[in-house]
Amino acid sequence: DITVKAMVYSSYGKPSEVLKWHTYPLTPLTDDTVHVRFLASPINPADVNQVQGAYPLKPAFEQLGDTKAAVGGNEGVAEVIATGKNVNSLKVGDQVVMARSGYGTWRTHAAGPVDDFQVLPPSTNTSVIQKATLTVNPCTAYRMLKDFTPLKQGDYVIQNGGNSAVGQAVIQIAKAWGLKTVNVVRNRPEIDSLRQELLDLGATHVVTDEELGSFDMRSKMKGWFDGKPPLLGLNCVGGKSATEMARYLGHNGQYVTYGAMARAPLALPASMLIFKNISFHGFWMTRWADQHNAADRYKMFEDLIGLMDKGALSEPRWTKVDWSEGAMKHAVDAGIQGFAQGKQIVFP
Ligand code: NDP
């Protein structure tokens with residue numbers, strides 16, 4: 001008999017106030033289900049919003065032992081530890097990710113039908129950290145670089161939140177595909193080391209949000225682009241600097257918003273729409289996954305794990321969170337505060 005330990009919530013609010021450490025018996029195996037053990041799960045900004053009740057995807061509160069609650073977290077990697085006798089598509093030892101958002105990954109174990117999980121492609125040189133953080137950020141970067149406009153070798157992409165986990169993946173995938181990037185980050189005292197870190201990942205240029213609007217930067221960028229300004233802009237942040245970034249797109253450019261870290265609206269000058277014919281889109285990985293089948297998702301995993309295996313897409317910057325109530329509560333509160341030391345990851 002396995003006892004599950006999990007970080008759960010049964011009402012919405014400040015994470016440290018509503019999250020609870022909970023133990024309950026794992027649902028026994030049936031002929032058609034599997035048992036998995038979680039190896040690593042990150043704390044992503046959306047997970048924090050979800051606990052706050054400020055995210056459109058709200059997992060149902062379900063009966064977990066003596067409590068009705070939802071398990072926190074959406075992403076992670078788990079290992080299959082038992083399979084029912086009718087199960088053919090998964091075997092003990094397989095490493096799996098969640099088939100859908102909202103599954104609840106801050107727990108030691110889970111039981112469910114095979115459709116709850118998706119097996120990862122084989123890999124030779126991809127770490128548990130990379131697997132645990134594969135499905136949200138690298139997949140988002142991959143889709144945004146692929147799906148909005150055809151790009152050719154040498155083309156520029158411009159993004160803000162350049163140091164976010166998504167941003168780090170954009171830099172590396174773009175580089176692997178022969179694209180150049182301009183990466184906007186917030187200014188800070190240690191800007192030189194951050195700049196170097198992103199250049200080491202393969203960034204072509206790193207620019208601060210403060211530099212972005214300056215006359216100096218405009219003429220500099222004109223030089224970099226040499227008549228071919230970026231046709232794809234990726235917006236993680238919103239607010240004033242996101243508007244400023246849009247000004248650098250070329251005619252008929254595509255501007256994709258996927259995050260709102262600054263919690264300020266994106267203002268759009270009419271001229272961008274009328275004269276430059278720039279298109280503004282939103283992207284949500286959850287929607288993409290709902291609209292595509294497991295085979296499409298697997299193909300993307302193969303491409304990304306291929307890059308990871310050959311060292312072209314590295315682990316995001318990350319820090320370890322202890323698997324304890326106090327550490328988890330603190331980490332989830334901190335999970336959206338900015339100027340962080342990297343993605344927080346727990347090993348349940
Ligand atoms: P990370 O925690 O890795 O990075 C957060 C980023 O946001 C950092 O670049 C950080 O920069 C920046 N940031 C934090 N606070 C602010 C602020 N007040 N103003 C401006 N920038 C700020 O996050 P992820 O890479 O996991 O996610 C980034 C964003 O993308 C989130 O909003 C997330 O919800 C969203 N996302 C959306 C997806 C989708 O499908 N639409 C999928 C994946 C992520 P700094 O160092 O300056 O604080």
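These questions and answers walk through a predicted model.

Q: Into which domains is the chain divided?
A: Start at the two ends of the chain. Residues 3-133 and 315-346 together form domain 1. The stretch 137-285 is the other part, domain 2. The chain is therefore divided, by an automatic or database assignment, into domain 1 and domain 2.

Q: How far apart do the C-alpha centres of domain 1 and domain 2 lie?
A: The two domains do touch: four residues of domain 1 are in contact with four residues of domain 2. On the domain 1 side, the touching residues are two nonpolar, one polar and one charged. The separation of the C-alpha centres is 31 Å.

Q: Which helix gives the largest share of the shell around the ligand?
A: Both domains take part, as domain 1 and domain 2 each give at least three residues to the shell. Three helices, α2 (45-52), α4 (137-147) and α5 (165-176), each supply at least two residues. The largest share is three residues, and it comes from α5.

Q: How many of the residues in the shell around the ligand are nonpolar?
A: There are 27 residues around the ligand, and Ser 164, Ala 165, Gly 259, Met 285 and Gly 338 come nearest. Sort the shell by type. Two residues are charged and nine are polar. The nonpolar ones number 16.

Q: Which strands are the edge strands of the open six-stranded sheet?
A: The strand order is β12-β11-β10-β13-β14-β15, and the pairing is parallel. An edge strand pairs on one side only. The strands that do so are β12 (205-208) and β15 (279-282).

Q: What is the bridge partner of Tyr 255 in β15?
A: Look at strand β14, residues 254-257. Four bridges join β14 to β15, and the two strands run parallel. Across in β15, Tyr 255 is partnered by Phe 280.

Q: At about what angle does α5 run to β11?
A: Helix α5 lies across three strands: β10 (156-159), β11 (180-185) and β13 (232-235). Angles here run from 0 to 180 degrees between N-to-C directions. For α5 and β11 the value is about 165°.

Q: Why does helix α8 count as lying largely in the open?
A: Helix α8 covers residues 215-225, eleven in total. A residue is buried if 20 or more other C-beta atoms lie within 10 Å of its own. Helix α8 lies largely in the open because its number of buried residues is one.

Q: Which residue follows α8, and what is its phi?
A: Step just past the end of the helix. The phi of the next residue is positive, near 50°. That residue is Asp 226.

Q: Is Lys 91 buried or exposed?
A: Lys 91 sits in the loop between β6 (77-83) and β7 (95-98). Lys 91 touches Val 80 and Thr 83, leaving aside residues up to four places away in sequence. The cut-off for exposed is 12 or fewer other C-beta atoms within 10 Å. Lys 91 has 11, so it is exposed.

Q: How far apart are the C-alpha atoms of Lys 329 and Met 7?
A: Lys 329 lies in helix α13, residues 325-334. With 19 C-beta neighbours inside 10 Å, Lys 329 is partly exposed. Leaving aside residues up to four places away in sequence, Lys 329 touches Pro 15, Ser 16 and Leu 19. Met 7 is 322 residues away along the chain, yet the C-alpha separation is 8.7 Å.

Terms used: Residues are numbered from 1 along each chain as its sequence is written. This is a predicted model: local features need pLDDT of at least 70, side-chain atom pairs count only at pLDDT 80 or more; totals for chains, interfaces and linings use all residues. A residue is near a molecule or strand if its C-beta atom, placed from the backbone, lies within 6 Å of it. Ala, Val, Leu, Ile, Met, Phe, Trp, Tyr, Cys and Pro count as nonpolar, Asp, Glu, Lys and Arg as charged, and the others, Gly among them, as polar. Two residues are in contact if their C-beta atoms, placed from the backbone, lie within 7 Å. Two strands pair if DSSP finds at least two bridges between them.
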